[in-house]
Amino acid sequence: MPFTNENTFDILAEAISEGVIIVDEKQTIVASNSGAETMFGYDRGELKGKPLNILIPQQYHRGHGGHFKSFLKSSEKRQMGRGRDISGVAKCGKTFPVEAGLSPFEIYGKTFVMALVMDITIRKKAEQELIHWAKIFDESLNEIFIFDAQSLKFIDVNRGALQNIGYNLEELKQLTPVDIKPEYTEERFRVLINDLVQKKTEKLKFEAIHQRKDGTTYPVEVHLQLSNLENKDVFVAIILDITDRKNYTEKLEKKVEERTEELHHTIQELKEEVKLRMEAEAKTKESLKKEKDLNELKTKFLSLVSHEFKTPLSGILTSATLAGKYTKEEQQEKRDKHLDTIKNKVKYLDNILNDFLSIERLETGKVNYKFSIFPLSKVVNEVVYDANMLLKGGQRINYPDDIDGYTLEFDEKILELVLSNLINNAIKYSGENTTIDIQIHVEDNMLVFKILDQGIGIPEKEQEFIFKRYFRAENALLDQGTGIGLNIVKTHLENLGGSITFTSTENKGSTFVIKIPMINKHK
């Protein structure tokens, strides 16, 4: 009996909520419901009479005919794709993932196939996100433990945890966090996590010791929070192995002790050296003017030693005393603050002592310059990196352009000393939200450096004394400093065939210009 009732398929198709496509044996679409038409972007009735291939991506056209004939021969219902990802193509050309169930049937003496089609774009996206997060969980370098909030037994752990703790997953599922934390009993651990259980806090952070299956232990930092897994409360613990941090802290504390002891010895030696130099100079027969200048120099030096040593040493003593009072684990932040203060003060005193020793070597001619050929960028990078640690709020350093091709033959340590001194001064005497600009170029076989700042500047009446030893401008007296840095810089540069000049305007800034030969002329 020939097909005569066109409304039959339409009525059947509209009764189904999924997208419905009905085709005949020639894969011609004979009916579709509004769900399918909306899904593929066609108007009502527009699909009827069209070949099924218009809904299938081009790359699958060749093989689809064979699959269709094979399906008709088997005459059984099945899920299209059988585990493979399949796609549909909309009228606009956009492809999207679909899931289709095929069902053959006969009517009016002819065989037809009905496809129930669903757009699974949202589901696929969710699956991909789930796979993505599962991969992050498993491949994280940190240890991640998930355990039941009631029984405390482990539910799942990532690969990093398995590798470090030494147990396999099945073994861990029989254990709880207490079993790998030898310092804790179950009662103590439940007290620790009580605020999380009561939801008084969202996250808990603490340090502990973890014990591996082989009995070895290692220090960890635990980040713990409450979550929900399949309608069950669970804890998620992210574990950081802090072995390196602990070792570094211990080494740092030991280094501070050693440097403090060395500092005391150096100060004593310096005092003896100053005493001997004063006694020797007191015996010389000089003119009254020179004697007067010398007395002024002595006064400045003693005042400098008294002020520049006393203030940091007082800070070291105070911080050391306070650090010793914070003995509890939760007071680590306060201890770290005072340890940082001690380190900074010790470094400052060490720099002062190095300046004093440099002056002594320069005066006695004991400086041995070491020339080598090196890329300019190596020294500039090191100096700028260290200077960045000193920047005030909003300050920044403009790195010089196009210096990678410059090489020079010079004393690398002296160049580093010169640049550090000038850039650090620019930072110290400039306010917040200012820029320190470094410019470098070659002029007549001389490498020229310009250090420009937006600082307090140097009063015009005092500019002639700026390279004099122990001199400090009136507007800089409130800042820490010895007044010998620029004197050392100038002496070294002149010894090596270089020079230093400057221009400055009070309250606007200063520009220091350094010139050094690119080739060693002192061979």
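Which residues form a negative surface patch? In this structure, which is a predicted model, the negative patch is formed by Glu250, Glu253, Glu257, Glu258, Glu333 and Asp336. Two elements give two or more residues to it, namely helix H9 (243–282) and helix H11 (332–364). Helix H9 gives the most, with four residues. One of the patch residues, glutamate 253, lies in helix H9, and it counts as partly exposed because its relative accessibility is 36%, a value between the 20% limit for buried and the 50% limit for exposed.

A second patch has a nonpolar character: Tyr385, Met389 and Leu390 make a surface patch of about 360 Å². Leucine 390 has its place in the loop between helix H12 (376–388) and strand E13 (396–398), and with a relative accessible area of 45% leucine 390 is partly exposed.

**Salt bridges**

Side chains of opposite charge can pair when their charged atoms come close. A search of the whole structure finds ten salt bridges, and three of the pairs are set out here, each with the distance from N to O.

| Pair | N to O distance | Accessibility of each residue |
|---|---|---|
| Lysine 91 and glutamate 46 | 2.7 Å | lysine 91: 43%; glutamate 46: 23% |
| Aspartate 148 and lysine 232 | 3.8 Å | aspartate 148: 10%; lysine 232: 38% |
| Arginine 190 and glutamate 186 | 3.0 Å | arginine 190: 31%; glutamate 186: 43% |

In the pair formed by lysine 91 and glutamate 46, the closest N and O atoms are 2.7 Å apart. Lysine 91 lies in the loop between strand E4 (86–89) and strand E5 (95–107), while glutamate 46 lies in the loop between helix H2 (34–40) and helix H3 (61–74), so this salt bridge ties together parts of the chain that are 45 residues apart in sequence. Lysine 91 is partly exposed, and glutamate 46 also counts as partly exposed.

The side chains of aspartate 148 and lysine 232 meet in a salt bridge at 3.8 Å, and this pair links distant parts of the chain, since aspartate 148 belongs to strand E7 (residues 143–148) and lysine 232 to strand E11 (residues 232–241), 84 residues apart. Is aspartate 148 buried or exposed? Aspartate 148 is buried, because its relative accessible area of 10% falls under the 20% limit, whereas lysine 232 counts as partly exposed at 38%.

The salt bridge between arginine 190 and glutamate 186 sits within one element, helix H7 (residues 186–192), where the two residues are four places apart and therefore separated by about one helical turn. The general rule behind this is that an α-helix has 3.6 residues a turn, so residues three or four places apart point the same way. Arginine 190 is partly exposed, and so is glutamate 186.

Salt bridges can also be joined to one another, and here Lys378, Glu382 and Glu412 are linked in a network.

**A mostly covered helix**

Glu412, a member of that network, is also among the buried residues of helix H13. Helix H13 (residues 412–428) has 17 residues and reaches 24 Å from its first C-alpha to its last, which is close to the 24 Å expected at 1.5 Å a residue. How many of the 17 residues of H13 are buried? The count is twelve, and the helix is thus described as mostly covered; among them are Ile414, Leu415, Val418, Leu419, Leu422 and Ile423.

**Single residues of interest**

Alanine 161 is found in helix H5 (residues 159–165), and at 0% relative accessibility it counts as buried. Alanine 161 and isoleucine 239 are 78 residues apart in sequence, yet their C-alpha atoms are 8.3 Å apart in space.

Most residues other than glycine have a negative phi. Leucine 152, however, has a positive phi near 70 degrees, and aspartate 402 has a positive phi of about 55 degrees although it is not a glycine. Both residues lie in loops: leucine 152 is in the loop between E7 and strand E8 (154–157), and aspartate 402 is in the loop between E13 and strand E14 (407–411). In their surroundings the two contrast, for leucine 152 is buried, with a relative accessible area of 0%, whereas aspartate 402 is exposed, with a relative accessible area of 71%.

Methods
Residues numbered from 1 in each chain as written. Predicted model: local features only at pLDDT ≥ 70, side-chain atom pairs only at ≥ 80, totals over all residues. Heavy atoms only, no water. Patch = residues over 30% accessible without salt bridge, like charges linked within 9 Å, V, L, I, M, F, W, Y side chains within 5 Å. Areas by Shrake-Rupley, 256 points an atom, 1.4 Å probe, with all protein chains shown as cover. Salt bridge = Lys/Arg side-chain N within 4 Å of Asp/Glu carboxyl O. Buried < 20%, exposed > 50% of the residue type's maximum accessible area, 1.4 Å probe, protein only. Lys, Arg positive; Asp, Glu negative; His and termini not counted. Charge placed at Lys NZ, Arg CZ, Asp CG, Glu CD. Expected span 1.5 Å × (residues − 1).
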